[in-house]
Amino acid sequence: MSLLPGKVGVFDSIEGLDITGYFRMQGVILLIIENGSCTIEVNMNTYELKKGGIFLAFPGQVLRALKISDDVKTLCVACSTDMLNDLMSQVKDSMQLLLLAKRSPYLQRDRQDFEQVVKSFKHLQEKMQLLHGNPFYYQIIKNQLLSLAFECVGFLYRKNATQQTSNRKEALFNAFLRNVEEHHQKEHSVKFYADMLFVTPKYLSFVVDEISGKGAKQWIDDYIALDAKVLLQSTQMDVQEISDELNFPDVSFFGKFFKRMTGMSPKAFRLKK
């Protein structure tokens, strides 16, 4: 086992972990199935994980292990929500990639792809064990995690790209996310994005909720909140400057929004790092 406390843990097996019963994810888990099988329920959807499989679970999801074979061997990477936000802040179209991974959390890979993922896991584990004391330790580990994440999500992206669809609702939803990614810092209303897409706000909200399980306004707010977290933790901008950057009418309005989204004030969030 290798640990970066509060950020990431890397485990050679899940033996000893209590994964029976229902539990709500507080972070991200990547499982790499080297041998055997296990059956896992995620938000009422059931997945059978087999040798050569890669599985991702995300914060807020409810998991339950239904069955685990005696010969199961699973490599595991567990990341905190803080680490997930840090990684997402460095990835273009991160929200779309996150949604894609949530919608397709399990992939079975061929031998070559799977062996490469295992090598990347071992490389991450080695770096965590050998580089303690390096002044750039956190940045090195974060980059290794990004590399492993890109490999796994890249498989999902390729799979999705080959499954071309003419579904208009899917196309509308994808266009909505692209526009939110580009304009969310300045434009906070569903009407703005509906006008861009030549539909009514009511119809856009209906389609987004139907496809993603989350309303259009919630998507916009999540993008804004993620930017706010990044600005608070990675810049010297004060709260007023961040409020202006994210186009809030005043700092009080921004503070209420941030507390609603995170459960704490902007200043408290900055101090907790």
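**Notebook: strands and cavities**

I began with Gly53, whose bridge partner in β10 is Gln108. I note that this is a predicted model, in which local features need pLDDT of at least 70, side-chain atom pairs count only at pLDDT 80 or more, and totals for chains, interfaces and linings use all residues. Residues are numbered from 1 along each chain as its sequence is written, and side-chain values use heavy atoms, with hydrogens and water left out. The element names follow DSSP runs, helices being H or I of at least four residues and strands E of at least two, numbered from the N terminus.

**Entry: β7**

I looked up the neighbours of β7. β7 and β10 are antiparallel and joined by three bridges; strands count as paired if DSSP finds at least two bridges between them. On β4, five bridges lead to β7, again antiparallel. There Ile32 stands opposite Ile54 of β7.

I then checked burial, where buried means under 20% relative accessible area, exposed over 50% and partly exposed in between, with a 1.4 Å probe and protein chains only. Five of the five residues of β7 are buried, so β7 is largely enclosed by the rest of the structure. Side chains in a regular strand alternate between the two faces of the sheet. In β7, Gly53, Phe55 and Ala57 point one way, Ile54 and Leu56 the other way, and all are buried.

**Entry: the open sheet**

I traced an open sheet of six strands in the order β1-β2-β9-β4-β7-β10, with antiparallel pairing. Its edge strands, β1 (2-4) and β10, each pair on one side only. From one strand to the next the twist averages 10 degrees; axes are lines fitted to C-alpha atoms, for helices over the stretch in contact, and angles run from 0 to 180 degrees between N-to-C directions.

At the β1 edge, three bridges join β1 to β2 (residues 8-11). Leu3 has Gly9 of β2 as its bridge partner. Helix α1 packs on the sheet and touches β1, β2, β4 and β9, its direction making about 80 degrees with that of β9. Contact here means heavy atoms within 4.5 Å.

**Entry: β5**

I found five of the six residues of β5 (residues 37-42) buried. β5 pairs with β6 (residues 45-50) over six antiparallel bridges, and Ser37 stands opposite Lys50 there. Five bridges, also antiparallel, join β5 to β8 (residues 62-68), where Ile40 has Ala65 as its partner.

**Entry: cavities**

I looked for cavities on a 1 Å grid over the protein atoms alone: a cavity is a set of points where a 1.4 Å probe fits but cannot get out, and lining residues have an atom within 4 Å of a point. Grid points are joined across faces, edges and corners, and a volume is the space filled by probe spheres set on the points.

How many cavities of 30 Å³ or more are there? The count is two. The largest holds about 420 Å³. Its lining has 23 residues, and Phe58, Leu84, Leu87, Ala149 and Val153 lie nearest its centre. α4 gives the largest share, seven residues. The lining has 22 nonpolar residues, one polar and no charged; Ala, Val, Leu, Ile, Met, Phe, Trp, Tyr, Cys and Pro count as nonpolar, Asp, Glu, Lys and Arg as charged, and the others, Gly among them, as polar.

The second largest cavity holds about 50 Å³. Ile54 and Leu56 are among its lining residues.

Conventions:
1 Å grid on protein atoms, 1.4 Å probe; cavity = no way out; pocket = protein on both sides within 12 Å on 5 of 7 lines; lining within 4 Å.
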